[in-house]
Amino acid sequence: SGSLIAYSEANTNNGNRGRVAHADAVASKKKKVVVLGTGWAAMTFLKNLNNSIYEVEVVSPRNFFLFTPLLPSVTCGKVEARSIVEPIRNIIRKKNIDVSYREAECTKIDPANNKIYCRATANTNSKRREEFAIDYDYLIIAVGAQVNTFNTPGVEGNCHFLKEIDDAQKIRRNVIDAFEKASLPNLTEEERKKILHFVVVGGGPTGVEFAAELHDFVNEDVVKLYPMVQNFVKITVLEATDHILNMFDKRITKFAEHKFGRDNIEVKLGSMVTKVTENEICTKAKGSDKTTSMPYGMVLWSTGIGPRPIVKDFMKQIGQGNRRALATDEWLRVEGVGNVYALGDCATINQRKVMEDITEIFKKADADNSGTLTLKEFQDISNDICERYPQMQLYLKSKPVRNIFDRPSQVKGKASKESIELSIEEFKSALSEVDTQLKNLPATAQVANQQGAYLAKCFNRMEECEINPEGPTRIRGTGRHRFRPFRYRHLGQFAPLGGEQTAAQLPGDWVSIGHSSQWLWYSIYASKQVSWRTRALVVSDWIRRFIFGRDTSGI
C-alpha cells in the first residue's frame, strides 16, 4: 500500500511539473506589453484589448481612472469626487487576458534595452520607496501632461491647477474656506472683497466652466448660506488672446462673452499674467508695457499643458528634446523607436507632408512609367493617397480631382480632362497648397479615447495583419502598410456656461446654445461613464443637487 501511495504521489508531482512547465512555456511565448498611465488613452486601450497573446502590465502612481471632463463640477460640490473615479483593478479584473497593475511611478525609460525603471509610490517597511525594473516587448506611453506655467514667477506656489482629483478637492475646500473666512467679524469691506475675489487665468473650456460653476454656486447656494457676503464676490477671467473659447465657433464665443457680461463675470481679453505674488496678481495688456496688479483670494491657472519629466527625459534620449510633446507617426509609434507607442496628451502625431513625398507619389501613380500622369492614373491611387495623407482628403473636398487636371495651356474644346497629362512639375504646382490643410489634434479626452481604441484594435489584429496587411499602399517601398493610419473623428464639443445653459458644437457646423444643450450634455456625459457604478453615482449627484443644493461641507 505504501509503495502504491508513493508511486501515486510521484506521478502526480511529475504531472504538476509538466503542467507548470507547459504554462511557463506558453507564458514565455507571450509578448510583454507595458502600459504607462491610467488616463483616457490607457483605459480605453485596456478595455478594448482582447488578444490573449499579450501579457499586459500597467504602471501608474494613480490606481484609478478619472473622468476629467467633470472635474469643474467637483470644485463647487455639483458632483462628488468619488463619483467620477473608477479603480483600475475593477477595469482589468473583467478582462480575459493576462493583465496586472503596479502602483508605481516610472522614473526612466531605457529604449535600448527594452526596459523601464520604476519607484513604488507607497513606502515599504524600511521607510523608503522600493525601486524595480520591468522588461517589455512593447511600451505604451499614456502618462498625460502637466500644467504649463510658462515659467511665470509665483505660479507654482500661489495658484491652483485643475488636472487631478486632488486639485478639484483642494479648490473646493478653498472656495468654502473663503466664504467662511469672509463671514468672520471685524473684517473690513476691502478685506472681504480680496478674500472673495476669484481669478481664472485662461479662457479655455476648463477655465470658462469653472467660472460658470462658481457663479452658479454663488447665486444658488451662497445667497442662502452666506447672505452677509454675497455682494462681495467677484469672478474675473483673464485671457491672453482676443476671445475666450477661441477653439469654438464664433457664435459660441460671442454668446459666452455676452452671457458672462450679464452675469457680472469680468472678462479681461488680451491680458497676460506677468507675476503672481501671495496677495496680488500682475498683468500686462496686449500691446502695452504697463503692468497693473490687483488683489485676489484665489487663482486658478488653466492656460495649457506641457510634458511630464519622464517624457522630457525620454525625448532627450531619442533626439526630440526641442519638441513640446512626443512625436509619433500616423500609427502612434514614437518616431525612431519601433516598439514604443505614445498617445493622449503626452504625444502629437507628426503627419507626413505630401510635398515631402510628391516625387514618390508621382512615380507610384505613373503606372505606365511614361513620365506623365493622367487623370485615370491619379484616380486609381487617390484612395490610398487620401488614406495615407489626410490633408489630401481635405484638399480634394475644396478642389476635386478633376480640377487638379485643369491646365490653362490646353486648348478649350480640343482636349478632355481624361486626355490631359501632367508632368512632375505641373503635378507639384497643382498640389503646392495641399499641406496647408494640416492641423494638430487638440489635447482632449475625446482624442485620447479614440487613440486608445485604435491602438487596441491594431494589437488585436497584429498577427493577422502581418500576413494580410490592410493599410494603404506604401509610397516609399513596396507592398502595403500593416494597418490603416489613425484618423480622428470629431464628435463635437461642449462648453457649460452656467444657469443650466450649455453651448454645443457638433459635426456639420451645427451649433446649439441653451437649456436643451444642457440636457444633451447631461445625457452624453452620463453615457460616457466607464461603469454602471460611476454612472449611477453621477446621476444621483445631479438629482441631489437639484433637490437639496450643493454640498458645502468642503469634505
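Colleague: How many residues of domain 1 are in contact with domain 3?
Modeller: This is a predicted model, in which local features need pLDDT of at least 70 and side-chain atom pairs count only at pLDDT 80 or more, while totals for chains, interfaces and linings use all residues. Residues are numbered from 1 along each chain as its sequence is written, and side-chain values use heavy atoms, with hydrogens and water left out. Taking contact as heavy atoms within 4.5 Å, 12 residues of domain 3 are met from domain 1 by 14 residues.

Colleague: Which residues of domain 1 lose the most area to domain 3?
Modeller: Buried area is the accessible area (1.4 Å probe) that two parts lose on being put together, summed over both, and between domain 1 and domain 3 it comes to about 1,200 Å², with carbon and sulfur atoms giving 50%. On the side of domain 1, 48% of what is buried belongs together to the three residues that lose the most, Ile475, Arg476 and Arg487.

Colleague: How many salt bridges does the rule find across the interface of domain 1 and domain 3?
Modeller: A salt bridge needs a side-chain nitrogen of Lys or Arg within 4 Å of a carboxyl oxygen of Asp or Glu, and the side chains of Arg476 and Glu360 meet in this way at 3.7 Å, N to O. Across the interface of domain 1 and domain 3, the number of salt bridges found by the rule is five.

Colleague: How far apart do the C-alpha centres of domain 1 and domain 3 lie?
Modeller: The bounds, which come from an automatic or database domain assignment, give domain 1 as 29-148 + 305-351 + 440-489 and domain 3 as 354-437. Between the C-alpha centres of domain 1 and domain 3 the separation is 38 Å.
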